[in-house]
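Me: I should be grateful for a close look at one strand and at the parts of the structure that surround it. Please give a single connected account.

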Amino acid sequence: MPKPLIQVQLVSGRRIAAVQLHVGFTYGTYTKVFQEVQRLKEINLELLFSEYPAKVLWERKFPSVLLRRDEYSRQAAAALPVYKMTALFESGPLEENSGKHSAMVVNWVQDEMNPILSPRNRQALRALAWEEHAKDFR
Amino acid sequence: MRRISGENRLSGPLDGARDPSSEGLRPPFTPIIELALDSGRMIRTDQLHMGCTYGDHPQTHWPPAVLRDMNYRVMKMRNHPAGSLWPEDLPSVLLDMNRYLLRLDRVLPLYKLTALFVSGPIHEDRDRSSVLVVHWLQDAAHPFLSRENDGLIRALDWDGLALGRPSRE
């Protein structure tokens, strides 16, 4: 595998690597909705479960998570961080000797572009239950 | 859902989005990349895609003919994932392509980046804005635009390459 964009060792000991990354704005094309708290809540809840841009970028249907979703859901009336990062991560197979590799999409939001994975999001990613979410692909 | 970045984009700090219980100001809105070309024109991008130049293929131990073929494919940006983010008929450019074409026997930089850049109109009387997809290659994951590529993009002939988006009636 070529040098990955992001490499992380999970708490479980498994090593995962990002092979593609998309950087965009969390609120994308929304512009005029932020004056109303109720509308903001609705949009936040939609964004917290949105599969954009993953479903456009990759034809294959990968499992997907948003890091710290529960944390953001509890504060649905607050603006989400500005940037949304979406990365396709790969790792060794879930089933040994299957000739496959496991993969999933991980999304996170943060207010800064550097580092690409902020310390808090890195911590959340390290705690990810990969075996629970990822799938094997050939 | 297909979205074209740069349209109806956020235009300032998300003041209106603050928590009513006052969590404090949001950081200022900053485009992912914004710069002034040598011509003085400002361009910006609100979306960027990044991947390994050769995809999942390892970059070593290729016979010269295979490497040349792989490099040609990279130059053509065939089946590029970011291509699905924007309309297919937008003009695009790979920074420094001529130099890469002269060195097809060499391994290309590690990462391939793609962004849809947006700017003001080319023809004031016809356009509301102009767009150009820019690809570039580099060995560092960050900053997104290396110093070398920064210089190359600033030298772009935007008015000759970009597509003017017609004004709405």
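Reply: In this predicted model, strands S2(A) and S4(A) pair in the antiparallel sense, and nine bridges link them. Within this pairing, A:Gln20 has A:Leu88 of S4(A) as its bridge partner. Strand S2(A), which covers residues 15-25, is the strand on which this account is centred.

S2(A) also pairs with strand S1 of chain A, residues 6-9; the two run antiparallel and are joined by four bridges. A:Val8 lies opposite A:Ile16 of S2(A) in this arrangement. S1(A) and S2(A) form a hairpin with five residues between the strands, and A:Gly13 adopts a positive phi near 100° there.

A further pairing of S2(A) crosses to the other chain. S2(A) and S2(B) are antiparallel to one another and share four bridges. A:Val23 is matched in S2(B) by B:Leu48, its bridge partner. Strand S2(A) thus has listed pairings with S1(A), with S4(A) and with S2(B).

The same strand can be followed into the nonpolar interior. The largest nonpolar core comprises 57 residues, and A:Leu21, A:Val106, B:Phe117 and B:Val134 are those with the most contacts inside it. Two or more residues of this core come from each of S2 (15-25), helix H2 (54-57), S4 (83-91) and S5 (101-110) in chain A, and likewise from each of S2 (42-52), S4 (111-119) and S5 (127-138) in chain B. S2(A) and S2(B), which are paired over four bridges, are therefore both among the elements that supply this core.

A:Val106 may be examined in its own right. Leaving aside residues up to four places away in sequence, A:Val106 touches A:Val65, A:Leu67, A:Ala87, A:Phe89 and A:Leu125.

The setting in chain A is as follows. Chain A contains five helices and six strands, and from the N terminus its elements follow the order β-β-α-α-β-α-β-β-α-α-β. The radius of gyration of chain A is 16 Å, close to the 14 Å that the globule rule gives for 138 residues, so chain A is as compact as a globular protein of that length. Along the principal axes, its C-alpha atoms occupy a box of roughly 55 × 30 × 25 Å. Buried residues account for 35% of the 138 residues of chain A. Of the contacts in chain A between residues at least 6 apart in sequence, 69% connect residues at least 24 apart.

Helix H1 of chain A, residues 37-48, completes the view of this chain. H1(A) has 12 residues and spans 16 Å from its first C-alpha to its last, close to the 16 Å expected at 1.5 Å a residue. A:Leu40, A:Ile43 and A:Asn44 are buried in H1(A). Viewed down the helix axis, the buried residues of H1(A) fall within an arc of 105°, so they line one face of the helix. On the face turned away from that buried side are the exposed residues A:Gln38 and A:Glu46.

Chain B, which supplies the partner strand S2(B), has four helices and six strands. Its elements run β-β-α-β-α-β-β-α-α-β along the sequence. Of the 169 residues in chain B, 27% are buried. For contacts in chain B with a separation of 6 or more, residues 24 or more positions apart account for 69%.

Definitions and conventions
Residues are numbered from 1 along each chain as its sequence is written. Chains are lettered from A and ligands numbered from 1 in the order in which they are written. This is a predicted model: local features need pLDDT of at least 70, side-chain atom pairs count only at pLDDT 80 or more; totals for chains, interfaces and linings use all residues. The radius of gyration is taken over C-alpha atoms; the globule rule is 2.2 Å times the number of residues to the power 0.38. A residue is buried if 20 or more other C-beta atoms lie within 10 Å of its own, exposed if 12 or fewer, and partly exposed in between; C-beta atoms are placed from the backbone. Two residues are in contact if their C-beta atoms, placed from the backbone, lie within 7 Å. A nonpolar core is a set of buried Ala, Val, Leu, Ile, Met, Phe, Trp, Tyr and Cys residues joined through C-beta atoms within 7 Å. Two strands pair if DSSP finds at least two bridges between them. The expected span of a helix is 1.5 Å times one less than its number of residues. The arc is that of the directions from the helix axis to the C-beta atoms.
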